[in-house]
Amino acid sequence: MVVGLAVVMGVGACSASTSGQPSSSPTESSQSASVSADVRPGPVPARVVRHGPRDRNEVALTFDADMTASALEQVRNDKIPRQVNVPLLNYLRETKTASTVFVTGLWAKEYPGEVKKLAADPTVTVANHSWDHLAWTNDCYGLPAVSGEKAKTAQVRKTSDLLHELTGKYPQFFRFPGLCHNPKDVEIVSNQGETVVDWDVNVSDAFATNPDLVSASLAKQAQPGSIFVFHANGAPNAPETLAIIKKLVPALKAKGLKPVTLDQMLG
Ligand SMILES: [Zn+2]
C-alpha cells in the first residue's frame with residue numbers, strides 16, 4: 001500500500017494538524033536570518049508556525065518529498081516511478097520560483113544528488129520531513145506510528161545528520177508526516193533545534209486530478225504569509241503538482257504575492 005503521500009491529502013489535513021497550541025508570530029522567532037547552520041543548532045522555542053507575517057506580501061510554496069519504507073520497496077521493484085518530480089523541480093529552478101523542500105531521510109538517502117542540487121540552489125530551503133514518514137500520533141490517516149521520545153528524536157536527528165552530511169548544513173525547519181502532532185512532539189523537535197512548520201492553506205496536491213480547480217482554490221485562499229503544502233514526488237500520489245504550480249504562481253503574482261523560501265519568510 002502506498003501511504004507515502006496519502007497522509008497529506010487535501011481537506012481535513014489542516015485541522016488534523018492542530019496541536020492545540022496558539023499560533024505565534026514569526027517575529028517571536030529567536031532564529032537568525034541565516035537559517036541553515038553548519039553546526040547543530042541548540043534548542044529553539046517550542047512553537048508551530050502556520051503562516052508567516054501577514055504584513056508582507058510573501059507566501060511560501062513548500063514541497064514534501066515523502067518516502068516510506070514500503071514506497072521505497074515499490075520504487076526498487078519498479079512498481080511505482082522514481083519519487084522525484086523532475087519537471088516540477090526544473091520548472092521551479094528555471095523560473096527562479098522560491099521554494100522549500102521538506103525531505104524525508106529515506107528520500108535523501110535514495111536521491112542524494114537531488115538533495116545536493118536543491119541545497120546548491122539559492123532559491124531553495126531544504127528542510128526535514130522525518131526519517132521514514134511514520135506518524136507521530138496513532139490516528140494519522142492510517143500511517144504506522146512511531147512512539148516514545150527516543151524513537152521520535154531519532155526521526156528528527158537521523159535526517160538532520162544525513163542532510164548535514166550531504167549539504168554541510170543542518171535543516172532548521174521540520175514538518176510532521178501527515179501534519180499530525182501533539183504538543184509534546186513539538187517539544188521533541190524544538191529540542192533538536194528545528195522549528196515545526198504546518199500550513200494555513202487547506203488544499204493539497206495529493207491525489208488531485210483537476211489542476212484548474214485546485215489552483216483556483218489555492219489562489220483564492222492565498223494571503224500574505226500563506227504557507228502552501230505540495231509534494232515533490234510526482235506520480236502516483238501527486239501527479240498534477242506541476243500543472244497546479246504553473247497556474248498558481250501567476251495567480252499569486254496577480255494578487256501581489258511573492259513566493260519566498262521559509263528562510264526568507266521566517267528568518
Ligand atoms: Zn509527507
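## A walk through the fold

Proline 236 sits in the loop between β7 (227–231) and α9. A cis peptide bond joins alanine 235 to this proline, with omega at about 5°. In general, most peptide bonds are trans. Keep in mind that the whole model is predicted.

Now step back. The protein has 10 helices and eight strands. Of its 267 residues, 51% count as buried. Look also at its contacts between residues at least 6 apart in sequence: 84% of them join residues at least 24 apart.

Start with β7, the strand before that loop. Five of its five residues are buried, so β7 is largely enclosed by the rest of the structure. Check both faces. Ile227, Val229 and His231 lie on one side, while Phe228 and Phe230 lie on the other, and all are buried. Which strand runs parallel to β7? Strand β2 (residues 58–65) does, and five bridges join the two. Within this pair, leucine 61 stands opposite phenylalanine 228 in β7.

Leucine 61 also leads us elsewhere. The C-alpha atoms of leucine 61 and tryptophan 199 are separated by 9.9 Å, though the two residues are 138 apart along the chain. Tryptophan 199 belongs to the loop between β6 (195–197) and α8. Is tryptophan 199 buried or exposed? It has 23 other C-beta atoms within 10 Å, and 20 or more make a residue buried, so tryptophan 199 is buried.

Next comes β4 (124–128). This strand is mostly covered, with five of its five residues buried. Both of its faces are covered: Val124, Val126 and Asn128 on one side, Thr125 and Ala127 on the other. Strand β3 (residues 99–103) runs parallel to β4, and five bridges join them. In this pairing, valine 101 stands opposite valine 126 in β4.

Follow the chain into the loop between β4 and α6, where histidine 133 is found. The phi of histidine 133 is positive, near 65°, and this residue is not a glycine. Most residues other than glycine have a negative phi. Histidine 133 counts as buried because it has 30 C-beta neighbours inside 10 Å.

Helix α6 (residues 149–167) is a good place to test a simple rule. How far should its 19 residues span at 1.5 Å a residue? The expected span is 27 Å, and the end C-alpha atoms are 27 Å apart, so the two values agree. Several residues of α6 are buried, among them Lys152, Gln155, Val156, Thr159 and Leu163. An α-helix has 3.6 residues a turn, so residues three or four places apart point the same way. Find such spacings among the buried residues: Lys152 and Gln155, for one, or Val156 and Thr159. What covers the buried residues of α6? The cover includes helices α4 (105–110), α5 (112–120) and α7 (183–191), along with strands β4 and β5 (173–174).

Just after α6, glycine 168 takes a positive phi of about 80°. Farther along, glutamine 172 lies in the loop between α6 and β5. Glutamine 172 is buried, since it has 27 other C-beta atoms within 10 Å. The C-alpha atoms of glutamine 172 and aspartate 263 are 8.7 Å apart, although 91 residues separate them along the chain.

Aspartate 78 makes a contrast in burial. Its place is the loop between α2 (69–76) and α3 (86–94). Aspartate 78 has a positive phi of about 60°, yet it is not a glycine. This aspartate is exposed, because 8 other C-beta atoms lie within 10 Å and the limit for exposed is 12 or fewer.

Finish with a pair of helices. Two packed helices are described by the angle between their axes and the distance between the axes. The axes of α8 (residues 211–221) and α9 (residues 241–254) come within 9 Å and cross at roughly 30°. Their crossing is right-handed. Which residues meet there? From α8 come Pro211, Asp212, Val214, Ser215, Leu218 and Ala219; from α9 come Ala243, Ile244, Lys247, Leu248, Ala251 and Leu252. By class, this contact has nine nonpolar, one polar and two charged residues.

Key. Residues numbered from 1 in each chain as written. Predicted model: local features only at pLDDT ≥ 70, side-chain atom pairs only at ≥ 80, totals over all residues. Axes fitted to C-alpha atoms, helices over the stretch in contact; angles between N-to-C directions. Helix = DSSP H or I, 4+ residues; strand = E, 2+ residues; numbered from the N terminus. Left-handed = near helix turned anticlockwise from the far one by under 90°. Contact = placed C-beta atoms within 7 Å. Nonpolar A, V, L, I, M, F, W, Y, C, P; charged D, E, K, R; others polar. Expected span 1.5 Å × (residues − 1). Pairing = 2+ DSSP bridges.
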